[in-house]
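Visitor: I should like to learn how to read the features of a model such as this one. Could we begin with a pair of strands and work outwards?

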Amino acid sequence: MTSPVRYDVTGEIAVITIANPPVNALGHAVRQGLWDAIDRFDADAEARIAIILGEGALFLGGADISEFGKPPKEPHLPDVCTHIERASKPVIAAVHGPALGGGCEVALGAHYRMAIKGARFGFPEVQLGLIPGAGGSQRMPRLTGVGPALDMMPAGGSVTADQALENGFIDHLADGDVHEQAMIYAKGLLADGVDVRRVGDLPCPAYEADAFDAARTLWTRKARGEVAPLTAIDAVEAATRLPFDEGIKEERRLFLSLMETPQRAGMIHAFFNDRKVSKLPELKGVAPRDIASVGVIGGGTMGAGIATACLLAGLPVTLVERDEASAEKARTTITGNLDAAVKRGKLKDAESTLTKLTTVTDYAALSDVDLAIEAVFEDMSVKHDVFTKLDAVMKPGAVLSTNTSYLDVTEIAAATSRPADVIGLHFFSPAHVMKLLEIVVPDTTAPEVTATAFALAKRLKKTAVKAGVCDGFIGNRILATYRGAADRMILAGASPWEIDAAIKAFGLPMGPFEMGDLAGLDIGFMTRQRKAPDRDPRDIVPKWADAMYHNGWLGQKTGQGYYTYEGRKGTPNDAVKPLIDEARGDRPQLDFTPEMIQRRYMAAMVNEAAKVVGEGIAARPLDVDVTLLYGYGFPRWRGGPMHWADSVGLDALLDDIKGWAKDDPYFWQPAPLLEQLVAEGRTFSDLNEASA
C-alpha cells in the first residue's frame with residue numbers, strides 16, 4: 001500500500017507532503033507516515049531542515065471520521081506530535097487553508113510555523129464534546145499566553161493567519177504557493193543558522209487569575225450544562241501550573257474522561273446526523289434544476305430575512321411588496337441585515353451585495369426568476385391569492401415555494417396549474433441566521449423540485465430536513481405538543497417561571513413561556529383560534545393565556561406577558577397568577593420538582609416525535625433530532641430528543657407516559673412506534689441504522 005505521506009529532498013531541505021484526499025485527515029496511515037518521515041529526516045545526512053505541508057486545499061484535517069468508534073491504532077496522535085517536536089533538526093509546519101483540531105496540534109509540534117494568507121488555525125474539539133488531546137492545550141499557551149487559548153478552546157473557535165501571527169502562534173506569514181513560500185522560508189532559516197526550538201521546552205505561561213475567572217464565568221453561563229468548554233479551561237490552566245510532560249498527562253486524563261461522558265456520545269451523534277440528514281435515497285441520481293435568481297413575496301421580518309440569506313449566497317433577489325412604502329421598508333431591513341453581516345465578518349461589502357436586490361410591487365417582475373419564496377401572512381386564502389398570481393406570471397420549470405409554518409402545502413399547491421413545481425421551504429427566524437430549513441414535500445411535488453430545494457439549502461449554508469405534510473410539519477407539530485405539556489403542568493400546580501427555569505437547567509436557551517413572550521402571545525392566541533373548529537373536546541385550552549391576550553399582554557412587544565420587561569430583561573409578572581388560579585379551579589395540585597417538569601416536557605416531545613416518525617412525516621428519528629437541534633435550541637450535547645430518549649431508556653419513558661395517561665388519556669396517548677420499539681427491545685438509533 002502506498003503511503004499518503006511523501007518524503008522528498010531538494011538540496012538541504014526535506015519536504016514531507018501529506019496527500020490523503022479529500023481533507024488530509026489524520027487517519028492511521030497518515031500518522032504512521034508522519035512518524036516514519038521524521039525518522040527518515042533524522043537519519044538523512046543531506047537534509048538540514050524539514051517542511052511539513054499538505055497537498056490539495058489544506059494543510060491537515062482533524063481526526064479521520066471513518067475511525068470513530070474503532071479501537072485506536074498506534075502511533076497515536078499525541079505521540080506523533082511529540083515525535084515531530086523531538087526531531088534533532090528544525091521542522092517547519094507550512095500551513096495553507098484550515099488547520100483545525102489535530103492538524104493544528106501537528107503544527108504546534110513543529111519547531112517553526114508559517115502560514116499562507118487565508119489559512120486558519122483552530123480547535124473545534126468541544127463541538128464533539130472533547131478538548132484538544134494531542135498537546136494543543138499545553139503548547140498553544142506557551143506561544144501565545146493564556147488569553148488567546150482561553151478565547152479559542154472553550155468556544156471551539158479559530159483564528160485567521162493574520163491573527164495567529166499577531167498572537168505569536170505562527171512565526172511567518174506569506175502570500176502565494178505554499179511549497180514555494182515554504183522553501184524560501186526554510187532557506188532563510190538555514191541562512192540564519194537556526195536550531196530546533198521545541199514548544200514544549202518553553203516556560204509555563206503566566207497564570208492570569210482574572211482571565212481564568214472571566215472565562216469560567218462566561219462559559220458556565222453559555223455552556224448551559226455542557227462540560228467540555230469548562231474542561232478546556234482546566235486544561236489550559238494546567239499549562240500554567242505543571243511542567244510540560246506532566247501537563248501533557250493531565251490533558252490526556254481530561255481528554256479521556258470526556259471520551260466516556262454521555263455528552264460526548266450526544267455530540268458525536270449530532271455530528272454524524274448533520275452529514276446523514278440530507279442523504280435521501282429517493283434523490284440519488286436526481287438532478288436539481290438550476291437556480292440563478294430568486295423572487296421573494298413579502299418583505300416583513302421573515303421575507304426580509306429570506307431575501308438576506310439569498311443575497312449572502314450571491315443570488316440576485318427580486319422582492320415583491322404590496323406598495324412602494326412597504327418595499328422601501330423591506331429594503332431598509334435588508335440593508336440593516338447586510339450591515340450586521342459585515343460587522344460579524346460574514347460579508348465583505350454590503351453595498352455591492354445590495355445591487356443584487358430589486359424591490360417591486362408588480363408580480364410580473366418575477367417572470368424570469370427560477371424560484372419564488374412566498375413569505376406572507378399565515379392565512380390560506382392569502383396564500384391561494386399569492387400562488388394564483390405566481391402561477392400566472394412565472395416561467396415553465398420555475399419552482400414555487402411557500403414559507404408557511406403550519407398550513408397544508410398540498411392545498412396551497414392546488415391553487416396552481418403546476419402542483420409538481422410547488423414545495424414548502426420553512427425558514428426559521430431570523431432566516432439569514434438560523435441554520436434549519438424544513439423542506440416540506442407534498443406527494444404531488446416532482447423529485448427534481450425536492451432535489452432543487454436541497455441544493456438551494458446547501459448554497460444558503462442551511463441544514464435541510466425533509467418533512468411531510470401535516471399541521472406544523474416536524475418541528476412546530478412537536479412544539480405544539482410539548483408546549484401543551486407545559487400548559488397541563490401549570491393546571492396541575494407548576495408555575496410558568498418554575499417550568500422555564502427547569503427547561504433552561506435542562507440545557508435549552510429559553511423556557512416555553514419566555515419563548516412565547518419573545519414571539520408574541522398574539523401568535524399563540526391566533527393559532528388556538530385557527531385550530532378551534534377542529535379541537536377535540538377532551539383537549540384543554542390555556543384560558544389564562546387567552547385572558548392575557550385580551551388584556552393586551554402580548555409579551556416583549558408590549559412590555560408585559562408572563563414577564564414584565566425593562567428592555568429585554570424580564571421579571572415574573574405576578575399579575576398572571578390570579579388568571580392561572582382561576583383556570584385551575586378545584587384541580588388537585590402537585591408539588592413539581594425541576595426533574596419532574598423536565599421528564600414530562602421531554603416525554604411529551606419524544607412521544608409526539610415518535611408519532612411523527614411513525615406516520616412518515618419525518619423519515620427517520622435523526623431528522624427529528626436535527627430539527628430540534630437547529631430550529632428549537634435543543635442542547636447539542638444531548639444529541640437530540642430521540643438520542644436522549646434512547647439514553648434514558650424507552651421502556652421507562654413508556655411506563656411514565658402510561659402512568660400519566662390514567663389521569664389524562666387524551667393527551668398522553670402512547671405513540672404506536674414507541675410501544676412497538678419497546679416490545680421489540682429496539683431503539684430509535686436502530687431505526688436510523690436500518691435506514692442508512
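Guide: Let us start from one pair of facing residues: Val15 stands opposite Ile51 in strand S3. The chain crosses from S2 through H1 to S3, and this β-α-β crossover is right-handed. Please keep in mind that the model is predicted.

Visitor: How many bridges join S2 to S3, and do the two run parallel or antiparallel?

Guide: S2 and S3, the latter spanning residues 49-54, run parallel and are joined by six bridges.

Visitor: In which sense does S2 pair with S1?

Guide: S1, residues 5-10, pairs with S2 in the antiparallel sense, over six bridges. The two strands form a hairpin with two residues between them. Gly11, in the turn, has a positive phi of about 65°. Thr10 stands opposite Ile13 in S2.

Visitor: How should I judge the surroundings of S2, and which residues lie on each of its faces?

Guide: One reads burial residue by residue, taking under 20% relative accessible area as buried. Six of the six residues of S2 are buried, so the strand is largely enclosed by the rest of the structure. Ile13, Val15 and Thr17 lie on one side, while Ala14, Ile16 and Ile18 lie on the other, and both faces are covered.

Visitor: What follows S2 on the way to H1, and where is Asn24 found?

Guide: Asn24 is found in the loop between S2 (13-18) and H1 (28-43). At 2% relative accessibility, Asn24 counts as buried. A polar atom of its side chain lies 3.2 Å from the backbone oxygen of Phe59. Leaving aside neighbours within four places in sequence, Asn24 is in contact with residues including Ile18, Gly54, Glu55, Leu58 and Phe59.

Visitor: How many residues of helix H2 are buried?

Guide: H2, residues 77-85, is mostly covered, with eight of its nine residues buried. Among them are Leu77, Val80, Cys81, His83 and Glu85. The buried residues of H2 pack against H1, S3, S4 (91-95), H3 (102-109), H4 (136-144) and H10 (244-259).

Visitor: Cysteines invite a further question: how many disulfides does the structure hold?

Guide: The structure holds zero disulfides. Cys104 is in no disulfide, and the nearest cysteine sulfur, that of Cys81, is 9.9 Å away; a disulfide would require the sulfur atoms to be within 2.5 Å. Cys104 is buried, with a relative accessible area of 0%. Cys310 is likewise buried, at 0%.

Visitor: How does one read contacts between residues distant in sequence, taking Met114 as the case, and which residues does Met114 touch?

Guide: Met114 has its place in strand S6, residues 112-116, and counts as buried at 0% relative accessibility. Not counting residues up to four places away in sequence, Met114 touches Ile92, Ala93, Ala94, Val95, His172, Ala174, Gln181, Ala182 and Tyr185. The C-alpha atoms of Met114 and Tyr185 are separated by 8.2 Å, although the two residues are 71 residues apart along the chain.

Visitor: Which residues touch the most other members of the largest nonpolar core?

Guide: The general idea is that in soluble globular proteins, nonpolar side chains tend to be buried together. Here the largest nonpolar core has 97 residues, of which Leu390, Trp544, Tyr562 and Phe684 touch the most other members. Helix H24, residues 594-614, gives the largest share of this core, 11 residues. A second, separate core of 63 residues includes Ile52, Ala107, Ile170 and Trp219.

Methods:
Residues are numbered from 1 along each chain as its sequence is written. This is a predicted model: local features need pLDDT of at least 70, side-chain atom pairs count only at pLDDT 80 or more; totals for chains, interfaces and linings use all residues. Side-chain values use heavy atoms; hydrogens and water are left out. Buried means under 20% relative accessible area, exposed over 50%, partly exposed in between (1.4 Å probe, protein chains only). Helices (H or I, at least four residues) and strands (E, at least two) are DSSP runs, numbered from the N terminus. A polar contact is a pair of N or O atoms within 3.5 Å; within protein, one must be able to donate a hydrogen and the other to accept it, and residues adjacent in sequence count only if both atoms are side-chain atoms. Contact means heavy atoms within 4.5 Å. Two strands pair if DSSP finds at least two bridges between them. A crossover is right-handed if, with the strands pointing away from the viewer, the path from the first strand over the helix to the second runs clockwise. A nonpolar core is a set of buried Ala, Val, Leu, Ile, Met, Phe, Trp, Tyr and Cys residues joined through side-chain atoms within 4.5 Å.
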